[in-house]
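Visitor: I should like a close look at a single part of this protein, with its surroundings set out afterwards. Please proceed step by step and keep to what can be computed from the coordinates.

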Amino acid sequence: MEFELWYLIAVPILFAAGWWLRGVDFKQHKTATQSIDDHYAKGLSMLLSDDPGQADKAIDLFIEVVRLDPETIELHHALGNLFRRRGQFDRAIRLHSFLVNRAELPEKERALAMAELSIDFLKAGMYDRAEAAYEQLAGFKGREVEALEALMHIYCTEHEWQKAVETAERLQKSGRDLHVEISHYYCELAELARMMKDAARAGEYIDQALKANPENPRAWAFAADLALAAGDKRKAFAAWEKIESAKPAYLPLIAAKKADVMAETDKPAAIEFLKSVFARSGSIDVLNAAVARMSVWADAPTAAAFASEALQNRPSLSAFSVLCNLRAKADPEDEQAKLLAEVTTKQSKLFARYQCSHCGFLAHTFAWQCPGCERWDSFPPVRVDEAKKGAH
Ligand SMILES: [Zn+2]
């Protein structure tokens, strides 16, 4: 706050110093300078006044100063940024809009004002106007990439995925590789179509997602879901195969679903599949899925034997809790086993979280986009405690 007050006084003083020096150097402009000095002096006292109406009038006077001499533009930018930082968006917008519309200013200066104006709208929460401002900014030479990146960020924040796709495709023309992002935007569109119960549309979006990134495990998992919903198991298996061959690390996310379909015809094969995915990934979710299904598809002792073997090979609190739960289930009368199961389940859930490989954000559920740094595919598909155990 103190710094801002200092700034509030320093900016007008710089204005004054500039004008005084100009008065010395250019005596032939004495009349104009006098007029600017008058505007400036008046504006300064109004700006420092506590009356908001007076401060508004001050902006008009400063605008008049830049009209009389465009060379004061840097000071105007400083003033505009000061208004924005103080949350006085209407004033910042007025000042920057004025600069943008000064046709006689060099294009570079108008582009800078346009960029500032876009930020004003964004900070003020006026997204529609921010979008329009960034579109205009993209038209200025050398500003297109920055404007399109800002637009893409806005569209992602507002979940306007179609516009995000279009903007990303425009950005790709400038050499950025955004195939991963574009593929996810199409997956988001597919999610929306599925929510609207429009499977055909969802399928079209997934085709687009795979066209953008043929190795996107999310799109293949989605394609498998759509195929299953349509009763086409062969197509679902083909989609899961793609994950297995291109991105095997993501198998834990679809293992239980695939095992369930396999079990309809071949339960031992389904169990073997889950065991193999657990052996490769150490995923506690797969262990849980395997143990729950083995209790039904085989018998409880087989499930318990597998759980203790898993605990021995990859000791973790999560694996221990799986075993405790099995014991509690085997003997519902055993209060101690029940208590142990409850406590270990609760504790393991606290530690078993997914972690963003870029910013370290921790999440209880898997996400394709990190809520912290907004990167796509930054969460490894296994939980942190399992990943550590697997690394040893
Ligand atoms: Zn992150």
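Guide: The account below begins with one helix and the loop that follows, and then turns to two helix pairs and a few individual residues.

The model is predicted. Its protein chain contains 20 helices and 2 strands. Of the 392 residues in that chain, 37% count as buried. Among contacts between residues at least 6 apart in sequence, 44% join residues at least 24 apart.

The part chosen for the close look is helix α8, residues 144–157. At 1.5 Å a residue, its 14 residues should span 20 Å, and the end C-alpha atoms are indeed 20 Å apart, so expectation and model agree. The buried residues of α8 are A147, L148, A150, L151, M152, I154, Y155 and C156. These buried residues pack against three helices, namely α6 (107–123), α7 (127–138) and α9 (161–172).

Just after α8 comes H159, which takes a positive phi of about 55°. H159 is placed in the loop between α8 and α9, and its positive phi occurs in a residue other than glycine. H159 has 13 C-beta neighbours inside 10 Å and therefore counts as partly exposed, since a residue is exposed at 12 or fewer and buried at 20 or more.

A positive phi is also found at D377, where the value is near 60°, again in a residue other than glycine. D377 lies in the loop between β2 (362–363) and α20 (384–391). Its surroundings can be set beside the cut-off of 20: with 21 C-beta neighbours inside 10 Å, D377 counts as buried.

Two helix pairs come next. Helix α4 (residues 73–85) and helix α5 (residues 89–100) have axes that come within 7 Å and cross at roughly 155°. Because angles over 145 degrees count as roughly antiparallel, α4 is roughly antiparallel to α5. The crossing of these two helices is left-handed. On the α4 side, the contact is made by I73, H76, L79, G80, F83 and R84, and on the α5 side by F89, R91, A92, L95, H96 and L99. By class, this contact has 7 nonpolar, 3 polar and 2 charged residues.

Helix α5 also holds S97. With 16 other C-beta atoms within 10 Å, S97 is partly exposed. Across 21 residues of sequence, S97 and S118 are 9.9 Å apart in space, C-alpha to C-alpha.

The second pair consists of helix α11 (residues 199–212) and helix α12 (residues 217–229), which pack at an angle of about 150° with their axes 10 Å apart. Helices α11 and α12 are therefore roughly antiparallel to each other. Their crossing is left-handed. The contact involves A199, A202, G203, I206, A209 and L210 of α11, together with A219, F222, A223, L226 and A229 of α12. The residues of this contact divide into 10 nonpolar, 1 polar and no charged.

One further residue completes the account. K329 is placed in helix α18 (residues 317–330). K329 has 17 C-beta neighbours inside 10 Å and so counts as partly exposed. The C-alpha atoms of K329 and A300 are separated by 9.4 Å, although the two residues are 29 residues apart along the chain.

Conventions:
Residues are numbered from 1 along each chain as its sequence is written. This is a predicted model: local features need pLDDT of at least 70, side-chain atom pairs count only at pLDDT 80 or more; totals for chains, interfaces and linings use all residues. Axes are lines fitted to C-alpha atoms, for helices over the stretch in contact, and angles run from 0 to 180 degrees between N-to-C directions. Helices (H or I, at least four residues) and strands (E, at least two) are DSSP runs, numbered from the N terminus. Angles under 35 degrees count as roughly parallel, over 145 as roughly antiparallel, 65 to 115 as roughly perpendicular and the rest as oblique. A crossing is left-handed if the near helix is turned anticlockwise from the far one by less than a right angle, and right-handed if clockwise. Two residues are in contact if their C-beta atoms, placed from the backbone, lie within 7 Å. Ala, Val, Leu, Ile, Met, Phe, Trp, Tyr, Cys and Pro count as nonpolar, Asp, Glu, Lys and Arg as charged, and the others, Gly among them, as polar. The expected span of a helix is 1.5 Å times one less than its number of residues.
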